[in-house]
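Good morning, everyone, and thank you for making room for this on the agenda. I would like to go through one structure with you, beginning with its ligand and then turning to the protein around it.

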Amino acid sequence: AGDAPLPDYVAWKDADDLIVHSKETIETKRAAQGAELITPSGELYVRNNVPAPSEDIVADPDAWTVEIEGVANPGSMTVGELKTLGVETVVCVLQCSGNGRAFFDHEASGTQWSVGAAGNVVWTGVPVRAVVEATGGVADGMSWMTGTGGETIPEGVPQETIQVERSVPKDVMERAILAWEMNGEPVTLAHGGPLRLIIPGYYGVNNVKYLKRLAFTAEESPAAIQRTGYRVRPVGVKGDPSQPSMYEMSVKSWITGPLMDAATGKVQIHGVAMGGVSDLEKVDVSTDGGESWTEAQLLGPDLGPYAWRPFVLIADLAAGTHTLASRATAQDGLSQPEDFPPNERGYGHNGWRGHAVDVTVS
Ligand SMILES: Nc1nc2c(c(=O)[nH]1)N[C@H]1C(S)=C(S)[C@@H](COP(=O)(O)O)O[C@H]1N2
Ligand SMILES: [Mo]
């Protein structure tokens, strides 16, 4: 991994900062994350469950249509029309459920993401509640908000086996937006243009790309990605709808430098930290594998509960090997556990010991 060339649809990205696991799974290098407040688009990870649609769909973004269903007045709307209903900007962490999978010991199947299936991104679009208001309100009896991706399903393949369609509890519509802009530019095809459903605080999979349908529904989607995929269960157990789905993200942090070697003396230990769905309270850093901790300084502006924040601690390191660890605490009182228990697919790892790095100082 790392030496494979970038596939065509992401050829515009910064190859030096990325690890190409496969055509559909591309990770940001840990060192590249640095102490960046916003992840530049060229460095952001990419994850497709099925190949992306044709580049043609982003040629005229305002003409893209999305079906709005499960409201009093259902119908289709173009992105151009959505732009007249309202606009909001939100900064939030986009993170794959499997970020950190490489730190589990049970060889969970799937891409062996380390820390780079995550980035902090600026999204601009219309609040879902404004769309709901314009269409007469959510119809009676609906419990879910279901987003459907615009991939073309090959003929003969049952739709529910590969369609990217996710249902989330209806009430999160209050903070969701339909985004046409990412980091100040029209959303690229790789990241879900012309229109993407963004649910701040929710794992990546819920943020449906090339959104072609937003429906308030009585039941969860029958798609495999909802029914059996992204379900947290013990190792060896198959996925089913009774198990928890990968929705809200948890408090997490990791060091992005130094990662391997450092010179003796004062060193800037830096990284990024997120509260999950709560504001970040503090980040503690250890240079002795968790024996002792010192509170780090949070850098830059607080961009809200769903964004990450860089942190830094200037430490005096003597010669030898040091295990550097970080542990974030959110304002809801939750903090990262030392160890995170295994689950079948290796989702949601936020244990601080697994994310620690051994640095040799000479
Ligand atoms: N339509 C569609 N939306 C999707 C996916 C997909 O394959 N198709 N993958 C999901 C997953 S698992 C993740 S982690 C994020 C990845 O977003 P990115 O490629 O912009 O980083 O998109 C989510 N939304
Ligand atoms: Mo993901």
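Let me begin with the cavities: the largest cavity is the space taken by ligand 1, and I should say at once that what you have in front of you is a predicted model, so every value I quote is computed from that model.

What, then, surrounds ligand 1? There are 21 residues around ligand 1, and the closest of them are Asn-49, Glu-151, His-191, Arg-196 and Lys-209. If we sort this shell by class, we find eleven nonpolar residues, six polar ones and four charged ones.

Turning to the individual polar contacts, Lys-209 has a side-chain N or O atom that is 2.6 Å from an oxygen atom of ligand 1, while for Arg-196 a polar side-chain atom lies 2.7 Å from an oxygen atom of the ligand. Tyr-45 takes part through its backbone, where a polar atom is 2.8 Å from an oxygen atom of ligand 1. As for how much of the ligand is covered, on its own ligand 1 has 540 Å² of accessible area, and the protein covers 100% of it.

Now to the salt bridges, of which the count comes to nine. The one I would like to single out joins the side chains of Arg-213 and Glu-165, with an N to O distance of 3.3 Å. Because Arg-213 belongs to strand 13, residues 211-217, and Glu-165 to strand 9, residues 165-169, this pair ties together parts that are 48 residues apart in sequence.

Finally, some remarks on the backbone, and on loops in particular. Where does Pro-194 lie? Pro-194 is in the loop between strand 11 (185-186) and strand 12 (196-198), and the peptide bond leading to it from Gly-193 is cis, with omega near 5 degrees. The peptide bond from Gly-257 to Pro-258 is also cis, with omega near -5 degrees, and Pro-258 is found in the loop that runs between strand 14 (252-257) and strand 15 (261-262). I would also point to Glu-107, a residue other than glycine whose phi is positive, near 55 degrees, and which is placed in the loop between strand 6 (88-95) and strand 7 (118-127).

Terms used: Residues are numbered from 1 along each chain as its sequence is written. Chains are lettered from A and ligands numbered from 1 in the order in which they are written. This is a predicted model: local features need pLDDT of at least 70, side-chain atom pairs count only at pLDDT 80 or more; totals for chains, interfaces and linings use all residues. Side-chain values use heavy atoms; hydrogens and water are left out. A residue is near a molecule or strand if one of its heavy atoms lies within 4 Å of it. A polar contact is a pair of N or O atoms within 3.5 Å; within protein, one must be able to donate a hydrogen and the other to accept it, and residues adjacent in sequence count only if both atoms are side-chain atoms. Accessible areas come from the Shrake-Rupley method with a 1.4 Å probe; for residues, only the protein chains shown count as cover. On a 1 Å grid over the protein atoms alone, a cavity is a set of points where a 1.4 Å probe fits but cannot get out, and a pocket is an open set with protein on both sides within 12 Å along at least five of seven lines; lining residues have an atom within 4 Å of a point. A molecule sits in a cavity or pocket if more than half of its atoms lie within 2 Å of its grid points. Ala, Val, Leu, Ile, Met, Phe, Trp, Tyr, Cys and Pro count as nonpolar, Asp, Glu, Lys and Arg as charged, and the others, Gly among them, as polar. A salt bridge is a side-chain nitrogen of Lys or Arg within 4 Å of a carboxyl oxygen of Asp or Glu. Helices (H or I, at least four residues) and strands (E, at least two) are DSSP runs, numbered from the N terminus.
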